[in-house]
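Work through the exercises below with the model open in front of you, and try each task before you read its solution.

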There are 2 protein chains.
Amino acid sequence: MRSVIIGFGLLILCLLVLFKIAEVNFMRGDVKLEVVVAVAAIVFFFAGLYVNGQRQKKETGTPATPPPAALHSPIVDYAQIKKLGLTQREHEVLVKMAEGLSNQEIAAQLFLSESTIKTHVSNIFIKLDVKRRTQAVQVARELGIV
Amino acid sequence: MRSVIIGFGLLILCLLVLFKIAEVNFMRGDVKLEVVVAVAAIVFFFAGLYVNGQRQKKETGTPATPPPAALHSPIVDYAQIKKLGLTQREHEVLVKMAEGLSNQEIAAQLFLSESTIKTHVSNIFIKLDVKRRTQAVQVARELGIV
DNA sequence: AGCAATTTGGTACTTTAGTACTACGGATTT
DNA sequence: AAATCCGTAGTACTAAAGTACCAAATTGCT
């Protein structure tokens, strides 16, 4: 968390510096508007890539912090998910289910119909070999996929 | 894949339009350089986020170390239980609920009728301030009482 | 281009969960 | 002794969950 704040601080600082440099050069007529915008675009594009990359790293494994009795651990065992044959969407629904949401609430959060959620839920049950959602959550926790 | 191309095409189109609008307005002095750059920065930042998100979706397989994850935490916070006003029986039912059992199954295991379990479950919901059993389990885990 | 898997959505149905009461015996407290 | 809490159980109802199908559009892969 601290590194994220520091990182962002540095990024903002760099951008402010670049900004000033660009402004000065632009006012002198050395640089065109297009170039300034393009540089900003490229920098932020990669900033976006980097930020998302960092976020994904946490979910991909890397026991950065030892188990502090974490509740919904960010450590997700993707190998296990693959082994079970769970799809991206199904896993997404499973996580929402573990958060205690109803089918209707999950549908609203994912901008889907309740029917779709029910379909996903049923498929999850088959793949996890369970009969109820509470059981599914229990198994999912045991397998480290939520 | 096609949607990505279409999306990028639209994005580029929008950017070109915005670009021209910005240029015109900028030349007229209506808009400041900062605003133009900021808009470009924000758009590309989210574009970066989106692109990485799509990319990550494909790489689901990760040979991460399966974290055994001590599920059945034997550490139960009795002070918390008391604070919530949960009785022994209610806590007992709550534990069974967290194990993914149905009301019927809990009734069978505790040699009670399903009606009794329903009564307990309803009282648990009131005390935990939740609406569904999955939510109750989630809250119970957070509070360390299961 | 074509096939398999994924995602989304639907209908119709059964089952389980949950709500809102009531009631009663036993234990504990006042 | 009266009041209160706990545990038990019931009825009658509504809401949600779950099952079993089907179907169509997308996407991934070859």
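**Exercise 1. Describe how α5(A) packs against α6(A), and decide which word fits the angle between them.**

Solution. Begin with the geometry: in this predicted model, helix α5 of chain A, which covers residues 103-110, packs against α6(A) at an angle of about 110°, and the two axes are 8 Å apart. Next, compare that angle with the range from 65 to 115 degrees, which counts as roughly perpendicular; α5(A) is therefore roughly perpendicular to α6(A). Then look at the sense of the crossing, which is right-handed where α5(A) passes α6(A).

Finally, find the residues that meet: α5(A) contributes N103(A), Q104(A), I106(A) and A107(A), while α6(A) contributes E114(A), I117(A), K118(A) and V121(A). Sorted by class, this contact between α5(A) and α6(A) consists of 4 nonpolar, 2 polar and 2 charged residues.

**Exercise 2. Which parts of the protein form the surface near DNA strand C, and which polar contacts reach its phosphate oxygens?**

Solution. Start with the residues around DNA strand C, of which there are 18, with T87(A), R89(A), S113(A), K118(B) and R133(B) coming nearest. Then assign the surface to helices: α4 (88-98) and α6 (114-128) of chain A, as well as α6 (114-128) of chain B, each supply at least two of its residues. By class, the residues of this surface near DNA strand C are 3 nonpolar, 10 polar and 5 charged.

Now turn to the strand itself, where 67% of the atoms within 4 Å of the protein belong to sugar or phosphate, and the rest to bases. In chain A, an N or O atom in the side chain of T116(A) is 3.1 Å from a phosphate oxygen of DNA strand C, and for the side chain of H120(A) the distance to a phosphate oxygen is also 3.1 Å. From chain B, a backbone N or O atom of N103(B) lies 3.3 Å from a phosphate oxygen of this strand.

**Exercise 3. Which residues are closest to DNA strand D, and what does K118(A) contact there?**

Solution. First, count the surroundings: 20 residues surround DNA strand D, and the closest are R133(A), T87(B), R89(B), S113(B) and T116(B). Next, follow the side chain of K118(A), in which a polar atom lies 3.0 Å from a base oxygen of DNA strand D. Compare this with two contacts to phosphate oxygens of the strand, one from a polar side-chain atom of T87(B) at 2.5 Å and one from a backbone N or O atom of N103(A) at 3.3 Å.

Methods: Residues are numbered from 1 along each chain as its sequence is written. Chains are lettered from A and ligands numbered from 1 in the order in which they are written. This is a predicted model: local features need pLDDT of at least 70, side-chain atom pairs count only at pLDDT 80 or more; totals for chains, interfaces and linings use all residues. Side-chain values use heavy atoms; hydrogens and water are left out. A residue is near a molecule or strand if one of its heavy atoms lies within 4 Å of it. A polar contact is a pair of N or O atoms within 3.5 Å; within protein, one must be able to donate a hydrogen and the other to accept it, and residues adjacent in sequence count only if both atoms are side-chain atoms. Helices (H or I, at least four residues) and strands (E, at least two) are DSSP runs, numbered from the N terminus. Ala, Val, Leu, Ile, Met, Phe, Trp, Tyr, Cys and Pro count as nonpolar, Asp, Glu, Lys and Arg as charged, and the others, Gly among them, as polar. Axes are lines fitted to C-alpha atoms, for helices over the stretch in contact, and angles run from 0 to 180 degrees between N-to-C directions. Angles under 35 degrees count as roughly parallel, over 145 as roughly antiparallel, 65 to 115 as roughly perpendicular and the rest as oblique. A crossing is left-handed if the near helix is turned anticlockwise from the far one by less than a right angle, and right-handed if clockwise. Contact means heavy atoms within 4.5 Å.
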